[in-house]
Amino acid sequence: MAEGVHGDIRKFRIEDIHKILEIEQQAFPKTAYSKDLFIEYAKNCPDGFVVIEAYEEVVGYIIFDMKGHIHSTAVERSHRRKGFGKILFRHALKCANTQLRLEVRSKNRNAVAFYKRLGMKVVGKIPDYYETDDALVMVSGQSESGQAFRTD
Ligand SMILES: CC(C)(COP(=O)(O)OP(=O)(O)OC[C@H]1O[C@@H](n2cnc3c(N)ncnc32)[C@H](O)[C@@H]1OP(=O)(O)O)[C@@H](O)C(=O)NCCC(=O)NCCS
């Protein structure tokens, strides 16, 4: 992470929706989540839909549930590689307090590299999980006792 980069994490608020949709469209132009789906997530994962603010605006988000499943995360393109994705990921790890798990497109090399850098490991593959791609199943590491460990 770039030295001195700081972001404030807080729960998603409905007034964030336009910025979230902008970040989403940039990150996933062909498969962006809809406004309705984000609102559904806000209802179903009230503690696990969080945004990160920096430079007086929302620069990224993560959605996870308390079973440790990461549903989605994205950082605004102009603010990537500054450490915001890592801050969001660590927040999820701390809040869920269990092993994290996710599916990621096998062709999304950037995301796979990002998750590996944060200690996630590929444990499986689901063929044709996405319309045009397989999913890699990734989980955060575990200690010998089976407890999830922090990657920081
Ligand atoms: C994946 C994503 C969220 C990462 O966010 P980010 O803010 O750029 O990530 P960070 O700056 O916090 O990087 C954390 C670590 O991962 C590494 N990393 C990040 N992007 C990487 C990439 N494209 N290739 C290799 N390593 C990468 C960083 O170097 C950093 O390592 P460090 O701790 O040694 O410095 C962002 O690239 C994004 O929004 N992508 C589009 C949406 C997406 O693919 N989401 C994930 C699938 S759901």
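## A walk from strand to strand

Start by selecting F64 and I70: F64 stands opposite I70, which is in strand 4. You're looking at a predicted model, where local features need pLDDT of at least 70, side-chain atom pairs count only at pLDDT 80 or more, and totals for chains, interfaces and linings use all residues. Numbering starts from 1 along each chain as its sequence is written.

**Stop 1: the hairpin you just landed on**

Widen the selection to strand 3 (residues 57-64) and strand 4 (70-75). The two pair in the antiparallel sense over 5 bridges (pairing takes at least two DSSP bridges between the strands). They form a hairpin with 5 residues between them. Click on G68 in that turn: G68 has a positive phi of about 95°.

While strand 3 is still highlighted, check how covered it is: 7 of its 8 residues are buried. Buried here takes 20 or more other C-beta atoms within 10 Å of the residue's own, exposed 12 or fewer, and partly exposed is in between, with C-beta atoms placed from the backbone.

**Stop 2: the other side of strand 3**

Now add strand 2 (residues 49-54), which pairs with strand 3 in the antiparallel sense over 6 bridges. Pick out A54 and E57, which stand opposite each other, E57 being on strand 3. This hairpin has 2 residues between the strands, and Y55 takes a positive phi near 50°.

**Stop 3: the whole first sheet**

Add strand 1 (8-11) to the selection. What order do the 4 strands of this open sheet take? It is 1-2-3-4, with antiparallel pairing. Strand 1 and strand 4 are the edge strands, each pairing on one side only. From one strand to the next, the twist averages 25°.

Next, show helix 3 (84-96). Helix 3 lies across strand 1, strand 2, strand 3 and strand 4, and runs at about 40° to strand 3. Axes are lines fitted to C-alpha atoms, for helices over the stretch in contact, and angles run from 0 to 180 degrees between N-to-C directions.

**Stop 4: the ligand**

Keep helix 3 on screen and bring up the ligand. Its shell has 20 residues, and R80, G85, K86, N110 and A113 come nearest (a shell residue has its C-beta atom, placed from the backbone, within 6 Å). Strand 4, helix 3 and helix 4 (109-117) each supply at least two residues of the shell. Which element gives the most? That's helix 4, with 5 residues.

**Stop 5: the second sheet**

Hide the first sheet and select strand 5 (101-105) and strand 6 (121-130), together with strand 7 (residues 133-139). These make an open sheet of 3 strands in the order 5-7-6, with antiparallel pairing. Strand 5 and strand 6 are its edge strands, each pairing on one side only. Here the twist averages 30° from one strand to the next.

Zoom in on strand 5 and strand 7: they run antiparallel and are joined by 5 bridges. For one pair to label, try V104 and L136; L136, in strand 7, is the bridge partner of V104.

**Stop 6: K35**

Jump to K35 in helix 2 (residues 35-44). Is K35 buried or partly exposed? It counts as partly exposed, with 13 C-beta neighbours inside 10 Å. Leaving out neighbours within four places in sequence, K35 is in contact with I17 and L21 (contact puts the C-beta atoms, placed from the backbone, within 7 Å). Then draw a distance from K35 to I126, 91 residues apart along the chain: their C-alpha atoms are separated by 27 Å.

**Last stop: zoom out**

Show everything again. You should count 4 helices and 7 strands, and following them from the N terminus gives β-α-α-β-β-β-α-β-α-β-β. These are DSSP runs, H or I over at least four residues for helices and E over at least two for strands, numbered from the N terminus. The C-alpha atoms fill a box of roughly 40 × 35 × 30 Å along the principal axes. Of the 152 residues, 28% count as buried. Among contacts with a separation of 6 or more, residues 24 or more positions apart account for 56%.

Definitions and conventions
Contact = placed C-beta atoms within 7 Å.
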